[in-house]
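Trainee: I should like to go through this model and learn how each descriptive term is justified. May we begin?

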Amino acid sequence: MDIYDFKNALIIGFFMAFMIGPVFFMLIQTSILKGARAAIVFDLGVIIGDLTFILIAYYGSRPLLEKIKDDPRLFFIGGLVLVIYGLITYFNKENKKEALESAKIIEVPIKNNYLKLFLKGYFLNFINIGVLAFWLGTVLVIGPALKMDQTAIFWYFGTILISYFVTDLGKIVLAKKLKNKMTPRVIYRVKKIMGIILIICGVFLMLKGFIPSEKIDKLIH
């Protein structure tokens, strides 16, 4: 892999970190509400989810991958899971209780379940079939460009993921600085907004399985 490919991989990883979606907002929320360490663990789950998709795209057969990518049932299932998760987040009565309780205590030590956070990051990313479509397209383009050199391909995608992760670390640190400005009322609203965002992302993912992308783009614009 030459310097040109290395720069391209760095740029792709950087811009991937700012792709607006459920993972983006969940990472920011986790950093603010649970701390930087929890957000890093969550992000590692996301990265491993991406790595899983890359391995599927690289080692899977092209006809099978094309079938997976275009199967509307997978878009529907992934979107439905996001909608359900969003509804649970929005209507969870514990959100208000936690916010009110945190107002009575200056600083509450948070005991995080890091395995749960890691799995949440992994599956939240893994159920998004659009991520698989992205990695599939990238593998199909980059593979031949690198003459299917396994070592070069390994370093190319490794560079993307490292760039992605380092950029996310910057986002986590920035979000952490906002923590002192988060009042209980704001925290409660953040959780409600997070639920709404997950529901919207889920609905669009479900629609993507049954409505051509061109029509969805026209509806958005």
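Mentor: Let us begin with one pair of helices. Which residues in α3 meet residues in α8?

Trainee: From α3, the residues are Asp50, Phe53, Ile54, Ile56, Ala57 and Tyr58, and they meet Val131, Leu132, Trp135, Leu136 and Val139 in α8. What kind of model is this?

Mentor: It is a predicted model. By class, the contact of α3 with α8 has 10 nonpolar residues, 1 charged residue and no polar ones.

Trainee: What makes Asp50 a charged residue in this scheme?

Mentor: Asp, Glu, Lys and Arg count as charged, and Asp50 is among the residues that α3 brings to α8.

Trainee: Why is α3 called oblique to α8?

Mentor: Helix α3, residues 36-59, packs against helix α8, residues 129-145, at an angle of about 50 degrees, and their axes are 9 Å apart. Angles under 35 degrees count as roughly parallel and those from 65 to 115 as roughly perpendicular. An angle of about 50 degrees belongs to neither class, so α3 is oblique to α8. The crossing of this pair is right-handed.

Trainee: How do you know that α3 and α7 are oblique to each other?

Mentor: The same reasoning serves. The axes of α3 and helix α7, residues 114-126, cross at roughly 40 degrees and come within 7 Å. Roughly 40 degrees is not under 35 degrees, nor is it in the range 65 to 115, and therefore the two helices are oblique. Here too α3 passes in a right-handed crossing. The residues of the contact of α3 with α7 divide into 14 nonpolar, 5 polar and 3 charged.

Trainee: Why is Gln29 called buried?

Mentor: Buried means under 20% relative accessible area. Gln29 has 12% relative accessibility, so the residue counts as buried. Gln29 lies in helix α2. Not counting residues up to four places away in sequence, Gln29 touches Lys34, Val190, Lys191 and Met194.

Trainee: What makes Val83 buried?

Mentor: The relative accessible area of Val83 is 14%, which is set against the cut-off of 20%. Because 14% is under that cut-off, Val83 is buried. Val83 lies in helix α5, residues 72-91. Beyond its neighbours within four places in sequence, Val83 is in contact with Leu198, Ile199, Gly202, Val203 and Met206. In addition, the C-alpha atoms of Val83 and Ile196 are separated by 8.8 Å, although these residues are 113 residues apart along the chain.

Trainee: Which residues touch the most other members of the largest nonpolar core?

Mentor: They are Phe42, Leu124, Trp135, Tyr156, Phe157, Ile160 and Tyr164, in a core of 33 residues. The elements giving two or more residues to this core are α1, α2, α3, α8, α9 and α10. Its largest share, 8 residues, comes from α9.

Trainee: What does Ile160 contact, leaving aside neighbours within four places in sequence?

Mentor: Ile160 is in contact with Ala9, Ile12, Gly13, Met16 and Trp135.

Trainee: How many helices and strands does the chain have?

Mentor: There are 11 helices and 0 strands. Of the 221 residues of the chain, 39% count as buried. Among contacts with a separation of 6 or more, 86% are between residues 24 or more positions apart.

Notes:
Residues are numbered from 1 along each chain as its sequence is written. This is a predicted model: local features need pLDDT of at least 70, side-chain atom pairs count only at pLDDT 80 or more; totals for chains, interfaces and linings use all residues. Side-chain values use heavy atoms; hydrogens and water are left out. Axes are lines fitted to C-alpha atoms, for helices over the stretch in contact, and angles run from 0 to 180 degrees between N-to-C directions. Helices (H or I, at least four residues) and strands (E, at least two) are DSSP runs, numbered from the N terminus. Angles under 35 degrees count as roughly parallel, over 145 as roughly antiparallel, 65 to 115 as roughly perpendicular and the rest as oblique. A crossing is left-handed if the near helix is turned anticlockwise from the far one by less than a right angle, and right-handed if clockwise. Contact means heavy atoms within 4.5 Å. A nonpolar core is a set of buried Ala, Val, Leu, Ile, Met, Phe, Trp, Tyr and Cys residues joined through side-chain atoms within 4.5 Å. Buried means under 20% relative accessible area, exposed over 50%, partly exposed in between (1.4 Å probe, protein chains only).
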